[in-house]
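Hi,

Here is the structure I promised to pass on. Have a look at it first, and then read on for what turned up.

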Amino acid sequence: MIFDKKKKIIITDDHQIVRKGLAEMINESSIEADLIECSNGTETFRELERNTVDILLLDISLPGESGLELFKRLRLLYPDLAIVFITMFSNSDYVKLAVRLGAAGYIVKDSSIDQMAFALQEVIA
């Protein structure tokens with residue numbers, strides 16, 4: 001599926017290799033997107049102030065302020081922002097927590113390009 005409008009996506013993860021890998025996966029998918037990479041909550045807030053963003057891919061386990069704590073602050077300030085958790089945890093407790101908090105999605109970091117693209121397309125739709 002190809003979308004009419006280029007999406008703006010922030011990838012927030014403290015590991016550069018993960019950010020680059022996710023960016024490459026998105027670029028290889030059918031999703032046309034402008035990508036912004038952030039390594040922490042401070043950078044994420046700065047980019048959200050500068051840009052109209054469609055989706056935030058947010059690592060659950062950021063150092064300092066965790067992705068879960070950041071999510072709660074973001075939800076108050078940007079209630080319409082689609083936030084998708086990205087994590088290495090496939091534990092069902094984390095998935096349930098993400099759903100309970102109101103996340104738009106949940107992607108495990110070892111997902112294939114097709115799985116990630118499908119998840120993002122579901123959020124965009």
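What radius of gyration would a compact globule with 125 residues have, and what does the chain have? The rule gives a value near 14 Å and the chain has 13 Å, so the two agree. Keep in mind as you read that this is a predicted model.

Some overall numbers to go with that. The C-alpha atoms fill a box of roughly 35 × 35 × 25 Å along the principal axes. Of the 125 residues, 46% count as buried. The accessible surface comes to about 6,800 Å², and 50% of that belongs to carbon and sulfur atoms. If you take the contacts with a separation of 6 or more, 64% of them are between residues 24 or more positions apart.

Next, try tracing the chain. You should find 5 helices and 5 strands. Starting from the N terminus, they run β-α-β-α-β-α-β-α-β-α.

Now for the inside. In soluble globular proteins, nonpolar side chains tend to be buried together. Here the largest nonpolar core has 22 residues, and I10, L56, L58, L74, I83 and F85 are the ones that touch the most other members. The elements giving two or more residues to this core are β2 (33-38), α2 (41-50), β3 (55-59), α3 (67-77), β4 (82-87), α4 (92-101) and β5 (105-108). The largest share, 4 residues, comes from α3. Apart from this core lies another one, of 18 residues, with M25, I107, V123 and I124 among them.

A good residue to click on is I83. Leaving out residues up to four places away in sequence, I83 touches L56, L58, F71, L74, R75, A103, A104 and G105.

One of those neighbours, F71, also turns up in the aromatic search. How many aromatic pairs does a search of the whole structure find? There is 1. F71 and F85 make up a tilted pair, with 5.2 Å from centre to centre and 35 degrees between the planes. F71 sits in helix α3 and F85 in strand β4, 14 residues apart, so to speak a link between distant parts of the chain. Both F71 and F85 are buried.

Let's look at α3 more closely. Its buried residues are G67, L68, L70, F71, L74 and R75. Why do they end up on the same side of α3? Because they cover an arc of only 150 degrees around the axis. It helps to know that an α-helix has 3.6 residues a turn, so residues three or four places apart point the same way. The buried residues of α3 pack against α2, β3, β4 and α4. On the face turned away from that buried side you will find the exposed residues L76 and L77.

You can repeat the exercise with α2. Which residues are buried there? They are G41, T44, F45, E47 and L48. Their arc is only 165 degrees around the axis, which puts them on the same side of α2. What covers the buried residues of α2 includes β1 (7-12), β2, β3 and α3. The face of α2 turned away from its buried side carries T42, E49 and R50, which are exposed.

That's what I have for now. Happy clicking!

Cheers

Key:
Residues are numbered from 1 along each chain as its sequence is written. This is a predicted model: local features need pLDDT of at least 70, side-chain atom pairs count only at pLDDT 80 or more; totals for chains, interfaces and linings use all residues. Side-chain values use heavy atoms; hydrogens and water are left out. A nonpolar core is a set of buried Ala, Val, Leu, Ile, Met, Phe, Trp, Tyr and Cys residues joined through side-chain atoms within 4.5 Å. Buried means under 20% relative accessible area, exposed over 50%, partly exposed in between (1.4 Å probe, protein chains only). Contact means heavy atoms within 4.5 Å. Rings of Phe, Tyr and Trp (its six-membered ring) pair if their centres lie within 6.5 Å; planes under 30 degrees apart count as stacked, over 60 as edge-to-face and the rest as tilted. The radius of gyration is taken over C-alpha atoms; the globule rule is 2.2 Å times the number of residues to the power 0.38. Accessible areas come from the Shrake-Rupley method with a 1.4 Å probe; for residues, only the protein chains shown count as cover. The arc is that of the directions from the helix axis to the C-beta atoms.
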